[in-house]
Amino acid sequence: MIKKIFKRIFNRYSNIFKFLFYLKYLFLIFFITSIIYLVIPKFFDFKDDQIYIKNYLSQNYNLNIKNINKIQYNIFPLPNFEIKNISINFHDNNYKIESKKINIFPNILKLYNFQNLSIKKVSLIDSRLNLKAKYASNFYKKLINQ
């Protein structure tokens, strides 16, 4: 009895079922290609692209980077570039920041194109800032305007 009901349903709506089974494969292909797109930069060497990152941070965030040891790409929690042990000048050598780690979150669509780099967020982790008390309000104003 149940077999007859399923057979009737499948015969009546066979086009819909075929379409749904076809969509399953399309979603699978889309999912696999997006994972590959995000994982491949993990194997790149970013030594040549340091110049583009330095220029972008100096033009848009007024962060003049002195030295970059190594750039590492992380996939999780969001795709980002991690730079360790970095020294930064903020606003033309007025404020010096020593940071253990800086995370740069690029636009996902421009992950491979460093010449047209677009950064959404920059986070300084375990940073040390040497600042005199009389310059604190000026630093705060510049930081808020960023």
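Which ring does the charged end of Lys 121 sit over? A few friendly notes on this predicted model follow.

1. To take that opening question: the ring belongs to Phe 105, and the charged end of Lys 121 lies 4.8 Å from its centre.

2. Do have a look at the nonpolar surface patch of about 850 Å². Its members are Tyr 25, Leu 28, Phe 31, Ile 32, Ile 35, Ile 36, Ile 40, Phe 44 and Tyr 112. One of them, Ile 36, belongs to helix H2, which spans residues 14–39. Ile 36 has a relative accessibility of 42%, so it counts as partly exposed.

3. The aromatic side chains deserve a point of their own. The model has seven aromatic pairs. In one of these, the ring centres of Phe 44 and Phe 46 are 6.4 Å apart with planes at 70°, so the pair is edge-to-face. The two partners differ in cover: Phe 44 is partly exposed, at 41% relative accessible area, whereas Phe 46 is buried, at 4%.

4. Phe 44 also pairs with Tyr 112: the centres are 5.9 Å apart and the planes stand at 70°, so this pair too is edge-to-face. Here distant parts of the chain are linked, as the two residues are 68 apart. Phe 44 is in the loop between H2 and helix H3 (50–60), and Tyr 112 in the loop between strand S4 (95–106) and strand S5 (119–130). Tyr 112 is partly exposed, with 33% relative accessible area.

5. Finally, Phe 44, Phe 46 and Tyr 112 belong to one aromatic cluster, which also includes Tyr 37, Tyr 73, Phe 81 and Phe 114. Phe 44 and Tyr 112 are also members of the nonpolar patch.

Terms used. Residues are numbered from 1 along each chain as its sequence is written. This is a predicted model: local features need pLDDT of at least 70, side-chain atom pairs count only at pLDDT 80 or more; totals for chains, interfaces and linings use all residues. Side-chain values use heavy atoms; hydrogens and water are left out. Patches are made of residues with over 30% relative accessible area and no salt bridge: like charges are joined within 9 Å, nonpolar side chains (Val, Leu, Ile, Met, Phe, Trp, Tyr) within 5 Å. Accessible areas come from the Shrake-Rupley method with a 1.4 Å probe; for residues, only the protein chains shown count as cover. A salt bridge is a side-chain nitrogen of Lys or Arg within 4 Å of a carboxyl oxygen of Asp or Glu. Helices (H or I, at least four residues) and strands (E, at least two) are DSSP runs, numbered from the N terminus. Buried means under 20% relative accessible area, exposed over 50%, partly exposed in between (1.4 Å probe, protein chains only). Rings of Phe, Tyr and Trp (its six-membered ring) pair if their centres lie within 6.5 Å; planes under 30 degrees apart count as stacked, over 60 as edge-to-face and the rest as tilted. A charge sits over a ring if NZ of Lys or CZ of Arg is within 6 Å of the ring centre and within 35 degrees of the ring normal.
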